[in-house]
Amino acid sequence: MAEEKKLAQAKATFETLCQTLANNDWKCKVKNEEKLIIECGAQGEDLPMDISVRVDPDRMLVILLSRLPFVTKEDKRLDVSVAVSAVNNMLVDGSFDYDITSGDMYYRMTNSFMESVISEEVFAYLLYASCNVIDDFNDKFLMLAKGMLTLEQFLATLSK
């Protein structure tokens with residue numbers, strides 16, 4: 001019974017997510033109602049942003065993930081890990097997840113719907129705030145990962 005209630009709440013949350021996207025003229029690349037996953041994207045000032053939003057009925061979470069469209073070269077991974085830590089320390093919501101062994105980076109923001117209802121406004125915030133943060137930093141992370149910026153130069157951009 002409790003599992004059915006969780007699943008029903010997750011499906012209602014997913015429907016609100018879909019409605020929010022429709023009301024904000026976002027186009028879905030993938031809409032999987034069975035797995036409660038939406039894949040969409042946005043174009044930033046410089047790099048495209050692929051976004052996946054999943055409603056997790058077990059943990060009662062909405063999870064937004066966006067993989068940054070590059071892999072850090074091995075010789076730059078330590079610098080990028082320091083940069084990710086510095087950026088995450090500044091962020092109010094969400095964080096960058098960095099795998100130092102593979103060089104992959106994601107932006108993640110979550111929101112719980114446990115014993116609550118997430119409004120369209122909260123979903124809009126989740127999407128637009130995430131895109132804003134990703135767009136602010138993806139090009140800087142790319143330049144650091146490719147050796148076009150030093151770690152010192154990257155960190156100097158954070159104080160502006």
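Leu78 and Asn89 are exposed, on the other side of helix 2 from its buried residues. Those buried residues are Arg77, Val80, Ala83, Val84 and Val87. They cover an arc of only 115° around the axis, so they sit on the same side of helix 2. Keep in mind that this is a predicted model.

**Helix 2 itself**
- Helix 2 takes in residues 77-90, and at 1.5 Å a residue its 14 residues should span 20 Å; the end C-alpha atoms are 20 Å apart, so that agrees.
- Why can residues spaced along a helix point the same way? An α-helix has 3.6 residues a turn, so residues three or four places apart do just that.

**What the buried side packs against**
- Two strands are involved: strand 5 (95-99) and strand 6 (104-112).
- Helix 3 (120-145) and helix 4 (151-158) also pack against the buried residues of helix 2.

**Helix 2 meets helix 3**
- The two axes come within 10 Å and cross at roughly 160°.
- Helix 2 and helix 3 are therefore roughly antiparallel, and their crossing is right-handed.
- From helix 2, the residues in contact are Asp79, Val80, Ala83, Val84, Val87 and Met90.
- Helix 3 brings Phe137, Phe141, Leu144 and Ala145 to that meeting.

**The chain as a whole**
- You're looking at 4 helices and 6 strands, running α-β-β-β-β-α-β-β-α-α from the N terminus.
- The C-alpha atoms fill a box of roughly 55 × 30 × 25 Å along the principal axes.
- Of the 160 residues in the chain, 39% are buried.
- Take the contacts between residues at least 6 apart in sequence: 55% of them join residues at least 24 apart.

Conventions
Residues numbered from 1 in each chain as written. Predicted model: local features only at pLDDT ≥ 70, side-chain atom pairs only at ≥ 80, totals over all residues. Heavy atoms only, no water. Expected span 1.5 Å × (residues − 1). Buried < 20%, exposed > 50% of the residue type's maximum accessible area, 1.4 Å probe, protein only. Arc of directions from axis to C-beta. Contact = heavy atoms within 4.5 Å. Axes fitted to C-alpha atoms, helices over the stretch in contact; angles between N-to-C directions. Parallel < 35°, antiparallel > 145°, perpendicular 65-115°, else oblique. Left-handed = near helix turned anticlockwise from the far one by under 90°.
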